[in-house]
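Take a look at the model below. Follow the chain with a finger as you read.

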Amino acid sequence: MNNHQCVIAIAVLFMLCVLSDQATAQSKTRMEPPYASAQPISEPTIFAEGIISGGEFDSHPAFTPDGKTLYFVRSTPAFNLWTILVSRFANGRWNTPEVAPFSGQYSDADPFITSDGSRLYFNSNRLVAGKLKPDLDIWVMEKTTAGWGEPKNVGVPVNSSGSEWYPTVAANGTIYFGSDREGGKGRTDIYRSRLVDGKYSEAENLGDLINSQFNEFEPLIAPDESFLIFMAGGRPDGRGGFDLYVSYNRNGVWTKPANLGDKINSSGNEYSPTISPDGRYFFWTSTRGFADKPLEKRLDYQELMNRLRGPRNGLGDIYQIDIGVLNIEK
């Protein structure tokens, strides 16, 4: 082989390596869930701004296991009607949300999809046995070949004569939820009900270290029940109206809840904690807004209306951050 042939061979090998690297990168990109970021997300970042969080009262995200479908809640500003919407990722973007087929008539909220994608839980004030109820119940749907099956009321002992909301389910089937049922330690408490032989056992109050004379809502349980992230209001170490806290399960005993800190909590309200299916990102809702601090300059009419009608207007936006920012203990 002469020198000219050697140069050509080296050039061909170089091009093959480049093409191989590009193919690997493209394959990795295709494998990443749509919510994944090429760069670290170390600060609170509005998710899918302008599509999912677009200036309405948007909250409570729930992804399917592949991350390509998102259910979330859009509420009236007065918070007196909640509707579950769905958006699907296609052609490199999240599609315009639609009302989920099972929602749109009653107040429906707090969707939660099990890790295997087989069940979707939510709460609702819809009819039970053809009759109106003055409270909220937890409902569940089974995945079928045609989509989600008919919503079924979970029933007692999870549901009660009070209201139940924000169901999240551990890998062993234990369901955690909030309720204002009688016998609690405050106005609203967090409970769990274990799944035994396919049936839920009597609901257990999580006790004094989690529940207080204040308000505890919206529990996110880890799949292995090793930690609990929840929303609480009225606590002395709170940053705003409602904050998010974490507690750890140490040999069956919950540790003193710790405030998740200033990157997660704000002077507004924080709620609907959830972790992405791949465990890499934390999602939550915040009512933080542009008017929380003095404005940096005078706004003209169009600038004011753009802010009032867009994200960060204080109604509620869905935020995303790297899970590592929470410093969750192992």
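Which residue in β17 is the bridge partner of R192? The partner is E204. This is a predicted model, in which local features need pLDDT of at least 70, side-chain atom pairs count only at pLDDT 80 or more, and totals for chains, interfaces and linings use all residues. Residues are numbered from 1 along each chain as its sequence is written, and side-chain values use heavy atoms, with hydrogens and water left out.

Start with confidence. pLDDT is the predictor's confidence in each residue, from 0 to 100. The chain averages 91, and 91% of the residues score at least 70. Residues 6-14 stay under 50 and have 1 contact (heavy atoms within 4.5 Å) beyond four places in sequence. Residues 16-29 are also below 50, with 0 contacts beyond near neighbours in sequence. Where pLDDT is low, the predicted coordinates should not be read in detail.

Now the strands. A strand here is a DSSP run of E, at least two residues, and helices (H or I) need at least four; both are numbered from the N terminus. Two strands pair if DSSP finds at least two bridges between them. R192 and E204 belong to such a pair: strand β14 (residues 189-193) and β17 are antiparallel, over 2 bridges. They sit in an open sheet of 4 strands, ordered β12-β13-β14-β17. Its edge strands, β12 (164-169) and β17 (204-205), each pair on one side only.

Another open sheet has 4 strands in the order β1-β25-β24-β23, with antiparallel pairing. β1 (45-46) and β23 (270-275) are at the edges with a single partner strand each, so one side of each has no neighbour in the sheet. β1 is joined to β25 (residues 317-322) by 2 bridges. There, T45 has Q320 as its bridge partner.

Next, a hairpin. β7 and β8 form it with 5 residues between them. In the turn, G117 has a positive phi of about 75 degrees. I113 has L120 in β8 as its bridge partner. Is β7 (residues 108-113) covered or open? Mostly covered: 6 of its 6 residues are buried (under 20% relative accessible area; exposed is over 50%, partly exposed in between, with a 1.4 Å probe and protein chains only).

β7 also helps line the largest pocket, as do β8, β12 and β23, among others. Of its 47 lining residues, those closest to the centre are S115, I221, A222, P223 and I275. (On a 1 Å grid over the protein atoms alone, a pocket is an open set of points where a 1.4 Å probe fits, with protein on both sides within 12 Å along at least five of seven lines; lining residues have an atom within 4 Å of a point.)
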